[in-house]
Amino acid sequence: MSTPSTGGCLCGAIRYQVGAPMKNIIACHCANCRKASGAGASHNILLKTADLSFTAGTPKRYVDTADSGNALYRFFCADCGSSIYSQRSTMPEMLVLKAGSLDDASGLTIGMHIWTDSALPWMHRDPAVDQHPKNRPPPKA
Ligand SMILES: [Zn+2]
Ligand SMILES: [Zn+2]
């Protein structure tokens with residue numbers, strides 16, 4: 001994949017670029033991610049907030065509550081509803097980009113599964129990949 005990578009929402013109102021090489025995907029199987037994505041799990045890429053820049057539009061923010069009780073911000077396109085990224089209120093310097101919003105996510109691989117306690121039985125998980133029943137330890141910025 002080339003750097004910077006580009007992506008955006010379904011309708012095209014939101015466009016962004018990622019100015020850094022991307023790490024492995026973290027697949028989140030929590031119930032809130034399922035609801036927010038409309039899918040069996042959410043596929044997230046941890047990024048520094050400074051590495052994501054918007055070239056069109058501004059995502060709308062929904063304030064969700066994380067398992068910790070802290071606010072978790074979920075950003076999406078107000079026109080078409082596509083999920084773009086989410087961010088812990090306690091860690092504004094980092095965010096997780098929704099891998100499906102990238103124009104080309106084909107070069108990425110899943111490096112970790114989290115909240116597997118609530119994973120759906122029909123969601124395939126490679127047993128060779130790290131599995132965490134609940135959240136992972138906080139990432140280092
Ligand atoms: Zn849109
Ligand atoms: Zn989740």
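This is a short talk on a zinc site and a small group of strands in one structure.

Okay, hi everyone. Before we start, keep in mind that this is a predicted model.

Let's begin with the metal. Which residues coordinate the zinc ion (ligand 1)? The answer is cysteines: Cys9, Cys11, Cys77 and Cys80, each through its SG atom, at 2.3 to 2.4 Å. The 4 donor atoms make angles of 105 to 114 degrees, and the site is tetrahedral. If you follow the donors of the zinc ion along the chain, you'll read the spacing C-x1-C-x65-C-x2-C.

Now look at where two of those donors sit. Cys11 is in the loop between strand E1 (5–8) and strand E2 (15–18), while Cys80 is in the loop between strand E7 (71–76) and strand E8 (83–88), so this pair ties together parts that are 69 residues apart in sequence. And are they buried or exposed? Somewhere in between: Cys11 is partly exposed at 44% relative accessibility, and Cys80 is partly exposed too, at 28%.

Okay, on to the strands. E1 and E2 belong to an open sheet of 3 strands, in the order E1-E2-E5, and the pairing is antiparallel. E1 and strand E5 (52–56) are the edges, each with a single partner strand, so each has one side without a neighbour in the sheet. On average, neighbouring strands here are turned by 30 degrees against each other, ignoring direction.

Zooming in on E1 and E2, their antiparallel pairing runs over 4 bridges. If you want one to find on screen, go to Gly8: its bridge partner in E2 is Arg15.

That's it from me, thanks!

How values were computed:
Residues numbered from 1 in each chain as written. Chains lettered and ligands numbered in written order. Predicted model: local features only at pLDDT ≥ 70, side-chain atom pairs only at ≥ 80, totals over all residues. Heavy atoms only, no water. Donors = N, O, S within 2.8 Å, 3.2 Å for Na, K, Ca; no water. Tetrahedral: all angles 85-135°; square planar, octahedral: opposite > 155°, others 65-115°. Helix = DSSP H or I, 4+ residues; strand = E, 2+ residues; numbered from the N terminus. Buried < 20%, exposed > 50% of the residue type's maximum accessible area, 1.4 Å probe, protein only. Pairing = 2+ DSSP bridges. Axes fitted to C-alpha atoms, helices over the stretch in contact; angles between N-to-C directions.
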